[in-house]
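Reader: Pick one part of this model and take me through it closely, please. I'd like to hear what covers it, what its polar side chains are up to, and how far I can trust it.

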Amino acid sequence: KFSFPGQNPNSYLPMQQSAKSYLIDNTFFDQDTKPDNLELYLIILNQPFNWEALYKFSKMSTYSIVADGAANRLFDLPQEKRDKLKDPSAIVGDFDSIRPEVKKHYQSRESNVCYNES
């Protein structure tokens, strides 16, 4: 079984193990709300993303952790889309790729900015 920290390991995410893959029951994403006692952590890396999936995960996530370069991607979304997303809980990285205006924007919106050397 797989679970998030602080959760009952027998709840929400039963898995079947094969030699090379895991099947995770993610049917709760078919709903508009997550179960109250489930914490979801969204991690956004500096890669292209699917808007519909990002919106759904952002809406359901308890926390979102964004790589420094990915903060640029979020910031570059059209304003009407960006307004629908929760602000990142934290932006983490060595800050070699985040643009100064993006860092300033998220700092002003109370996102935690966490420097981490590579």
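Author: Let's go with helix H2, whose buried residues are Asp68, Gly69, Ala70, Ala71, Asn72 and Leu74. That's six of the eight residues in H2, so you can call the helix mostly covered. "Buried" here means under 20% relative accessible area, with exposed being over 50% and partly exposed in between (1.4 Å probe, protein chains only). Helices (H or I, at least four residues) and strands (E, at least two) are DSSP runs, numbered from the N terminus.

A quick word on ground rules: this is a predicted model, with local features needing pLDDT of at least 70 and side-chain atom pairs counting only at pLDDT 80 or more, while totals for chains, interfaces and linings use all residues. Residues are numbered from 1 along each chain as its sequence is written, and side-chain values use heavy atoms, leaving out hydrogens and water.

How far can you trust this bit? pLDDT is the predictor's own confidence in each residue, from 0 to 100. H2 has the highest mean of all the elements in the protein chain, at 96, whereas strand E1 (residues 15-17) has the lowest, at 50. Across the protein chain the mean is 81, with 75% of residues reaching 70 or more. The part to be wary of is residues 1-15, where pLDDT stays under 50, although the model still has 30 contacts beyond four places in sequence for them. (Contact means heavy atoms within 4.5 Å.)

Now for the surroundings. The protein chain has four helices and six strands, running β-β-β-α-β-α-α-β-α-β from the N terminus. Plenty of those elements help to cover the buried residues of H2: the list includes strand E3 (41-44), helix H1 (51-60), strand E4 (63-67), helix H3 (79-82), strand E5 (90-93) and helix H4 (100-108). For scale, buried residues make up 31% of the 118 residues in the protein chain. As for contacts with a separation of 6 or more, 50% of those in the protein chain are between residues 24 or more positions apart.

Start at Asp68, in helix H2 (residues 68-75). You might go looking for its salt bridge, but Asp68 is buried without one, and Lys103, the nearest side chain of opposite charge, is 8.9 Å away. A salt bridge needs a side-chain nitrogen of Lys or Arg within 4 Å of a carboxyl oxygen of Asp or Glu; for charge, Lys and Arg count as positive and Asp and Glu as negative, with His and the chain ends not counted. What the side chain of Asp68 does reach is the backbone nitrogen of Asp96, at 3.2 Å. Not counting residues up to four places away in sequence, Asp68 touches Ile91, Val92, Gly93, Asp94, Phe95, Asp96, Ser97 and Ile98.

Asn72 sits in helix H2 as well. An α-helix has 3.6 residues a turn, so residues three or four places apart point the same way. Asn72 counts as buried because its relative accessibility is 9%. Its side chain goes to the backbone oxygen of Ser97, at 2.7 Å. Beyond its neighbours within four places in sequence, Asn72 is in contact with Ser97, Ile98, Arg99 and Val102.

That brings in Arg99. Its side chain meets that of Asp76 in a salt bridge (2.6 Å, N to O). The pair links distant parts of the chain, 23 residues apart: Asp76 is in the loop between H2 and H3, and Arg99 in the loop between E5 and H4. Arg99 also forms a salt bridge with Glu101, at 2.9 Å, N to O. By shared partners, Asp76, Arg99 and Glu101 become one network. Arg99 is partly exposed, at 27% relative accessible area, and Glu101 is partly exposed too, at 41%.

One more stop, on strand E5, among the elements covering H2. Ala90 lies in E5 and is buried, with a relative accessible area of 12%. Its C-alpha is 6.2 Å from that of Val66, 24 residues away along the chain. Leaving aside neighbours within four places in sequence, Ala90 is in contact with Ser64, Ile65, Val66, Asn112 and Cys114.

Conventions
A polar contact is a pair of N or O atoms within 3.5 Å; within protein, one must be able to donate a hydrogen and the other to accept it, and residues adjacent in sequence count only if both atoms are side-chain atoms.
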